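Reader: I'm new to this and would love a close look at the loops and what they lead into. Could you pick a spot and walk me through it slowly?

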Amino acid sequence: MRPVMRTLAISLPVAIAIISIYALKSEVQATEPEEAEAFPREQHYLLPPPVPLLSDPERDFENEHVAYGTVDQDELLEQPIAYSHMLHAGEMQINCEYCHSGARRSIHAGVPSSSVCMNCHGEGGVKAEGRPELEKLVGYHERGEVIPWVKVHDLPDFVYFSHKGHVRGGVVCQECHGEIQDDMTVAQRVGELTMGWCLNCHENHPSIDENYGAEAELRRAEIKDCWNCHK
Ligand code: HEC
Ligand code: HEC
Ligand code: HEC
Ligand code: HEC
Ligand code: HEC
């Protein structure tokens with residue numbers, strides 16, 4: 001083989017490999033940018049950090065959650081504003097989807113922007129003067145800052161979960177999130193979020209017989225298939 005041909009034979013596959021790695025990386029990063037900004041998701045990896053030299057220099061090991069490293073069940077996180085579900089969703093009976101409007105339409109239920117709060121806490125609404133928690137809310141809103149709510153639920157990135165399919169199928173919020181309107185100020189995680197938790201409900205939920213009739217057995221098999229949740 002002539003030297004030129006030999007160089008080509010070696011460098012071409014290497015170049016293709018490098019390009020495809022970059023293409024794959026940017027594809028992963030391009031998923032749902034707006035939602036990622038509005039409510040940053042933690043980074044998850046299936047394996048603990050490998051040799052640092054071989055990994056992404058931007059990777060932040062300190063704040064990384066490995067696979068099942070979600071927030072502890074029933075842990076009460078400190079949130080930027082002492083918002084209460086008991087008051088708003090319980091006593092005042094504001095519908096969950098008024099604030100979590102993505103639940104029926106998309107993967108994410110979403111957390112409300114300050115402008116949703118300001119519908120009631122803005123001018124002509126509940127007075128903020130002398131009430132520090134409401135002054136904080138008005139402050140974020142006037143500075144145009146996103147309220148830095150801390151995420152309570154956080155599945156590993158290798159799991160596919162979508163609110164839409166569940167809510168439309170007739171699974172209610174409280175089955176997975178508990179009686180948040182009766183016993184929680186800021187949200188706590190109630191569901192285990194383990195694979196067994198998902199599968200157990202997929203095996204037994206009554207809505208599948210109601211919604212699918214003769215096809216119920218097929219649907220149950222479909223939603224227990226690995227690819228349903230790991231795609
Ligand atoms: C549908 C109207 C409505 C919406 C929407 C709403 N609130 Fe309220 N909120 C109220 C009312 C009414 C009170 C009770 C005021 C009182 O005690 O006099 C209240 C009370 C509060 C308090 C307690 C104030 C205190 O110190 O006593 C906080 C904090 C608060 N809301 C934050 C929020 C945040 C944050 C949002 C958005 C995520 C929000 N609210 C959305 C109506 C609303
Ligand atoms: C079948 C179980 C299930 C049902 C039903 C469900 N959720 Fe969730 N919810 C989850 C899981 C699992 C997560 C974590 C998702 C993640 O980390 O990717 C979550 C996350 C959330 C979040 C955090 C933001 C987000 O979208 O990731 C909010 C808010 C939320 N749910 C509200 C609701 C509301 C409101 C309802 C009812 C309208 C509801 N959920 C119904 C399981 C459920
Ligand atoms: C409380 C019961 C319940 C829990 C818990 C639950 N699911 Fe489901 N899930 C259902 C039901 C019921 C369906 C079928 C909905 C239909 O087709 O009508 C379903 C369907 C799905 C689907 C297919 C529909 C879609 O949205 O694409 C996915 C994916 C899914 N679940 C993922 C998960 C994952 C991941 C978890 C755990 C983190 C989970 N589910 C936990 C009840 C549950
Ligand atoms: C007035 C607006 C409002 C209403 C109504 C409301 N929420 Fe929330 N919700 C919030 C805010 C703000 C947060 C972020 C602070 C926190 O985690 O408690 C939140 C957080 C959550 C979370 C935790 C999300 C995460 O993973 O970080 C869940 C789950 C949730 N809400 C479910 C519900 C359910 C179920 C209902 C109805 C029973 C409901 N919410 C009604 C404003 C609301
Ligand atoms: C209904 C949803 C669902 C289905 C179906 C499902 N998984 Fe999972 N799987 C999850 C969730 C949620 C997690 C993350 C929580 C955990 O690690 O327990 C997970 C985690 C995993 C992990 C990582 C375990 C670890 O210790 O971190 C592996 C491997 C896995 N699943 C393989 C499979 C295989 C193989 C199948 C098919 C036989 C399957 N899963 C079917 C939801 C599902």
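Author: Let's start with what a helix is here: a DSSP run of H or I that is at least four residues long, with helices numbered from the N terminus. Keep in mind that this is a predicted model. The protein chain has 13 helices and two strands, and of its 231 residues, 7% count as buried.

Now for our spot. Gln93 sits in the loop between helix H3 (85-91) and H4. Look at its backbone: phi is near 55°, a positive value in a residue that isn't glycine. As a rule, most residues other than glycine have a negative phi. Is Gln93 buried or exposed? It counts as exposed, because it has 8 C-beta neighbours inside 10 Å, and 12 or fewer is the cut-off for that label.

Follow the chain out of that loop and you reach H4, which spans 96-99 and is one of the helices that supply at least two residues each to the shell around ligand 2. The others are H7 (163-169) and H8 (173-177). H8 gives the largest share, four residues. In total 21 residues surround ligand 2, and the closest are His108, Ala109, His153, Cys173 and Cys176. By class, that shell splits into 11 nonpolar, seven polar and three charged residues.

There's another loop to set beside this one. Leu193 is found between helix H9 (180-183) and H10, and its phi is positive too, about 65°, although it is not a glycine. How does its exposure come out? Leu193 counts as partly exposed, because it has 19 C-beta neighbours inside 10 Å, and a residue needs 20 or more to be called buried.

This loop leads on to a ligand as well. H10 (195-204) and H13 (226-229) each supply at least two residues of the shell around ligand 5, and H10 gives the most, with four. Of the 16 residues around ligand 5, Thr194, Met195, Cys198, Cys226 and Cys229 come nearest. The class split here is 10 nonpolar, four polar and two charged.

H10 has a helix partner, too. Its axis and that of H12 (residues 216-224) come within 9 Å and cross at roughly 170°, which means that H10 is roughly antiparallel to H12. On the H10 side, the contact is made by Leu199, His202 and Glu203, and on the H12 side by Arg220, Ile223 and Lys224. Sorted by class, that contact has two nonpolar, one polar and three charged residues.

For another pair, try H5 (residues 114-121) and H6 (residues 132-143), whose axes come within 10 Å and cross at roughly 125°. That angle makes H5 oblique to H6, and the crossing is left-handed. H5 contributes Ser114, Cys117, Met118 and His121 to the contact, while H6 brings Leu134, Leu137, Val138, Tyr140 and His141. This contact has six nonpolar residues, three polar and no charged ones.

One last stop in H6 is Gly139. Gly139 counts as partly exposed because it has 14 C-beta neighbours inside 10 Å. Its C-alpha atom is 10.0 Å from that of Ser114, even though the two are 25 residues apart along the chain. Across the protein chain, among contacts with a separation of 6 or more, 63% are between residues 24 or more positions apart.

Notes
Residues numbered from 1 in each chain as written. Chains lettered and ligands numbered in written order. Predicted model: local features only at pLDDT ≥ 70, side-chain atom pairs only at ≥ 80, totals over all residues. Near = placed C-beta within 6 Å. Nonpolar A, V, L, I, M, F, W, Y, C, P; charged D, E, K, R; others polar. Contact = placed C-beta atoms within 7 Å. Axes fitted to C-alpha atoms, helices over the stretch in contact; angles between N-to-C directions. Parallel < 35°, antiparallel > 145°, perpendicular 65-115°, else oblique. Left-handed = near helix turned anticlockwise from the far one by under 90°.
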